[in-house]
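Got the viewer open? Load the model, colour it by chain, and follow along one selection at a time.

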Amino acid sequence: MREESALDDAFDRYESRMRPYVEQGQELPPGGTDGYAPRSQAAHSAGLDLNALVAAVATASLDGAHLQQGRRHQPAQLRQTSRQPSLRTQGGACCNATLRCGCVYPVRSESD
Amino acid sequence: MAFGTQAEALGSLGLLNAWFTIPAEIELEGWYLMYNAPRGRVISIRPGRFPSEQKAALSVRSTESFERCDIDSQIDLLESHFADAGWEAARLLRAARAAPDFYLDSIGQVRLDRWSQGRVVLLGDAGYRPSPLTGLGTSLALVGATYWPASSQLRLRR
């Protein structure tokens with residue numbers, strides 16, 4: 001009985017500690033799925049500017065990375081880096097920025 | 001089973017995503033290339049583990065169901081979306097049929113009110129899968145694997 005109660009307490013403690021991390025980690029980037037894969041041509045074009053802004057802000061705080069504007073209708077480029085973004089940065093921006101940068105704006109990390 | 005059905009726990013993001021390995025036919029020079037096409041289509045190619053291979057992904061906004069065990073029909077489904085997408089789409093669709101590791105799945109997040117039931121506790125993606133759009137699945141699993149033992153041993157050791 002005491003063990004059951006201890007387990008319940010442990011479960012509660014685990015959940016209360018984990019919940020903030022999970023809520024933060026599951027937060028979708030601005031625009032959500034539309035930002036990653038716009039449906040319409042208009043949203044696609046409009047989204048590119050937003051993506052560029054987001055990518056610029058996101059990468060500016062990361063490992064000295066910066067945004068380099070490219071030409072339209074080219075795939076985005078993201079150089080792989082050996083550095084691991086922090087939990088906060090990856091969940092809030094970095095990883096999402098790589099997905100959001102779309103077909104216009106290459107993102108280059110100077111950390112390599 | 002202890003936490004309800006998959007449909008109850010998995011919140012779909014309305015995306016289908018396929019991953020597979022392809023021969024390295026374009027020069028990436030370490031870059032991860034992504035290409036967006038209207039109608040919610042995304043194509044990406046990144047370096048693989050070996051110089052001779054690359055990893056490809058095709059993503060499309062769709063809630064269509066698909067046969068889990070029928071890869072040919074899954075690729076047919078992708079062809080219906082990507083046939084006119086441009087860039088490397090045509091080559092990747094051909095390569096998908098020859099890929100040894102083709103995998104298609106819907107993208108979603110696992111959201112549960114509780115991660116424990118009786119003597120069962122969920123860690124990692126089973127309890128709180130965040131999705132490829134956010135990343136962080138491994139990070140959250142590691143945090144959970146750290147917090148769960150710490151939370152439990154505090155009392156159970158007495």
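**Stop 1: chain A overall**

Start by selecting chain A: of its 112 residues, 43% count as buried. Buried here takes 20 or more other C-beta atoms within 10 Å of a residue's own, exposed takes 12 or fewer, and partly exposed is what falls in between, with C-beta atoms placed from the backbone. Before going further, note that this is a predicted model, where local features need pLDDT of at least 70 and side-chain atom pairs count only at pLDDT 80 or more, while totals for chains, interfaces and linings use all residues. Residues are numbered from 1 along each chain as its sequence is written, and chains are lettered from A and ligands numbered from 1 in the order in which they are written.

Switch to cartoon and you should find four helices and three strands in chain A. Helices are DSSP runs of H or I with at least four residues, strands are runs of E with at least two, and both are numbered from the N terminus. Walking along the sequence, the order is α-α-α-β-β-α-β. Turn on a contact map if you have one: among chain A contacts with a separation of 6 or more, 73% join residues 24 or more positions apart. A contact means two C-beta atoms, placed from the backbone, within 7 Å.

Now pick A:S40, in the loop between α2 (32-36) and α3 (41-60) of chain A. A:S40 counts as partly exposed because it has 13 C-beta neighbours inside 10 Å. Draw a distance from A:S40 to A:E4: the two sit 36 residues apart in sequence, and their C-alpha atoms are 54 Å apart in space.

**Stop 2: helix α2 of chain B**

Hide chain A and select α2 (71-82) of chain B. How far apart are the end C-alpha atoms of α2(B)? They are 16 Å apart, which agrees with the 16 Å that its 12 residues should span at 1.5 Å a residue; the expected span is 1.5 Å times one less than the number of residues.

Next, show side chains for B:Q74, B:I75, B:L77, B:L78, B:H81 and B:F82, which are buried in α2(B). Look down the axis of α2(B): these buried residues fall within an arc of 150°, so they line one face of the helix. The arc is taken over the directions from the helix axis to the C-beta atoms. The background is simple: an α-helix has 3.6 residues a turn, so residues three or four places apart point the same way. Spin round to the face turned away from the buried side of α2(B), and you meet the exposed residues B:D72, B:S73 and B:S80.

What do the buried residues of α2(B) pack against? Select β1 (10-23), β3, β4 (53-61), α3 and β5 (103-110) of chain B.

**Stop 3: the α2/α3 pair**

Keep α2(B) on screen and add α3(B): the two pack at an angle of about 175°, with their axes 10 Å apart. Axes are lines fitted to C-alpha atoms, for helices over the stretch in contact, and angles run from 0 to 180 degrees between N-to-C directions. That makes α2(B) roughly antiparallel to α3(B), a label used for angles over 145 degrees.

To see the contact itself, show B:I75, B:L78, B:E79 and B:F82 from α2(B), which meet B:A89, B:L93, B:A96 and B:R97 from α3(B). By class, this contact has six nonpolar, no polar and two charged residues. Ala, Val, Leu, Ile, Met, Phe, Trp, Tyr, Cys and Pro count as nonpolar, Asp, Glu, Lys and Arg as charged, and the others, Gly among them, as polar.

In α3(B), the buried residues are B:A89, B:L92, B:L93 and B:A96. Seen down the axis of α3(B), they fall within an arc of 105°, so they too line one face of the helix. Their cover includes β1, β3, β4 and α2 of chain B.

**Stop 4: loops of chain B**

Between α2 and α3 (89-98) of chain B, click B:W87. B:W87 has a positive phi of about 45° although it is not a glycine, and with 19 C-beta neighbours inside 10 Å it counts as partly exposed.

Then jump to B:R39, in the loop between β2 (31-37) and β3 (41-47) of chain B. B:R39 also isn't a glycine, yet its phi is positive, about 70°.

Finish at B:D113, in the loop between β5 and β6 (116-117) of chain B. B:D113 is exposed, with 8 other C-beta atoms within 10 Å. B:F3 is 110 residues away along the chain, but the C-alpha atoms of B:D113 and B:F3 are separated by 9.4 Å.

Note on methods
Parallel < 35°, antiparallel > 145°, perpendicular 65-115°, else oblique.
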